[in-house]
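New to this one? Take a moment to look over the sequence and the 3D view, then read on for a quick tour.

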Amino acid sequence: MNEFQGHCHCGNIHFTFSSMNNENDFTPRTCSCSFCRHHGGSYVSDPEGHIDLNFKDKTQVNFYQFGQKTADFIICKNCGVITMAISNIKDKNYAVINIRAMLDYTFTGTATQTNFDGETPQQRLERRAQNWIGHVVIKD
Ligand SMILES: [Zn+2]
């Protein structure tokens, strides 16, 4: 099992992403929605992977939603870094992590661009349940 560490700039949000895949097996996905374009968000996931997400001070974490409001973007209120997005689907959390929040610029493979603007909310949730990281543990 490989472990990849990530955190926001000030360290309030910290996470460990565990996967059987090696770093080079991941192709980052640069999302072209207006929010991610503004922030330069680029994401990786592994349906068999696992995330441990920790907050030092949860009151300093923004669970930002927009558009269809089917995901929370986990953003530090103190330093402004987007660490990941979490979507709750049928009482289970799924996540993608933002490679910009990874330690030492992990996942530097050439990114592909994604555009999911045409999806219905139902299509969106089905895609996430298949592709996003399927084991998310939040400790706060
Ligand atoms: Zn921070």
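What follows is a short briefing on a few spots to look at, grouped by topic.

Keep in mind that this is a predicted model. A good place to begin is the zinc ion, which is held by Cys8, Cys10, Cys76 and Cys79. After that come the nonpolar cores, the cysteines and three single residues.

**The zinc site**

- Each of the four cysteines offers its SG atom to the zinc ion, at 2.3 to 2.4 Å.
- The site is tetrahedral, with angles of 103 to 121° among the 4 donor atoms.
- Along the chain, the donors of the zinc ion follow the spacing C-x1-C-x65-C-x2-C.
- Are Cys8 and Cys10 buried or exposed? Cys8 counts as buried because its relative accessibility is 0%, while Cys10, at 34%, counts as partly exposed.

**The nonpolar cores**

- As a rule, nonpolar side chains in soluble globular proteins tend to be buried together.
- Here the largest nonpolar core has 23 residues, and the ones touching the most other members are Phe17, Ile51, Met84, Ile97 and Phe107.
- Which elements give two or more residues to this core? They are β2 (13-19), β5 (50-55), β7 (72-76), β8 (82-89) and β9 (92-98).
- For a feel of the surroundings, pick Ile51: leaving aside neighbours within four places in sequence, Ile51 is in contact with Phe15, Thr16, Phe17, Met84, Ala95, Ile97, Ile133, His135, Val136 and Val137.
- Apart from that core lies another one, of 13 residues, and Cys36, Tyr43, Ile82 and Tyr94 are among them.

**Cysteines and disulfides**

- A disulfide is a covalent bond between the sulfur atoms of two cysteines.
- How many disulfides does the model have? The count comes to 0.
- Cys31 shows why a pair can miss out: the closest cysteine sulfur, in Cys33, is 3.9 Å from the sulfur of Cys31, too far for a bond.
- Cys31 itself is buried, with a relative accessible area of 16%.

**Ser19**

- You'll find Ser19 in strand β2, and at a relative accessible area of 0% Ser19 is buried.
- The Ser19 side chain reaches the backbone nitrogen of Asn21 at 2.9 Å.
- Not counting neighbours within four places in sequence, Ser19 is in contact with Met1, Asn2, Phe4, Phe26 and Asp46.

**Ile86**

- Strand β8 is home to Ile86, which counts as buried because its relative accessibility is 8%.
- Where does Ile86 sit relative to Asn54? The two are 32 residues apart in sequence and 14 Å apart in space, C-alpha to C-alpha.
- Setting aside residues up to four places away in sequence, Ile86 touches Leu53, Thr70, Ala71, Asp72, Ile74, Asn93, Tyr94, Ala95, Trp132, Val136 and Ile138.

**Thr30**

- Thr30 belongs to strand β3, residues 29-31.
- With 22% relative accessibility, Thr30 counts as partly exposed, since the cut-off for buried is under 20%.
- Thr30 and Thr110 are 80 residues apart in sequence, and their C-alpha atoms are 9.8 Å apart in space.
- Contacts of Thr30, leaving aside neighbours within four places in sequence, are Gly41, Ser42, Ala111, Thr112, Gln113 and Thr114.

Definitions and conventions:
Residues are numbered from 1 along each chain as its sequence is written. This is a predicted model: local features need pLDDT of at least 70, side-chain atom pairs count only at pLDDT 80 or more; totals for chains, interfaces and linings use all residues. Side-chain values use heavy atoms; hydrogens and water are left out. Donors are N, O and S atoms within 2.8 Å of the metal (3.2 Å for Na, K and Ca); water is not among the atoms, so sites may look incomplete. Four donors count as tetrahedral if all angles lie between 85 and 135 degrees; four count as square planar and six as octahedral if opposite donors are over 155 degrees apart and all others between 65 and 115; anything else is irregular. Buried means under 20% relative accessible area, exposed over 50%, partly exposed in between (1.4 Å probe, protein chains only). A nonpolar core is a set of buried Ala, Val, Leu, Ile, Met, Phe, Trp, Tyr and Cys residues joined through side-chain atoms within 4.5 Å. Helices (H or I, at least four residues) and strands (E, at least two) are DSSP runs, numbered from the N terminus. Contact means heavy atoms within 4.5 Å. A polar contact is a pair of N or O atoms within 3.5 Å; within protein, one must be able to donate a hydrogen and the other to accept it, and residues adjacent in sequence count only if both atoms are side-chain atoms. A disulfide is a pair of cysteine sulfur atoms within 2.5 Å.
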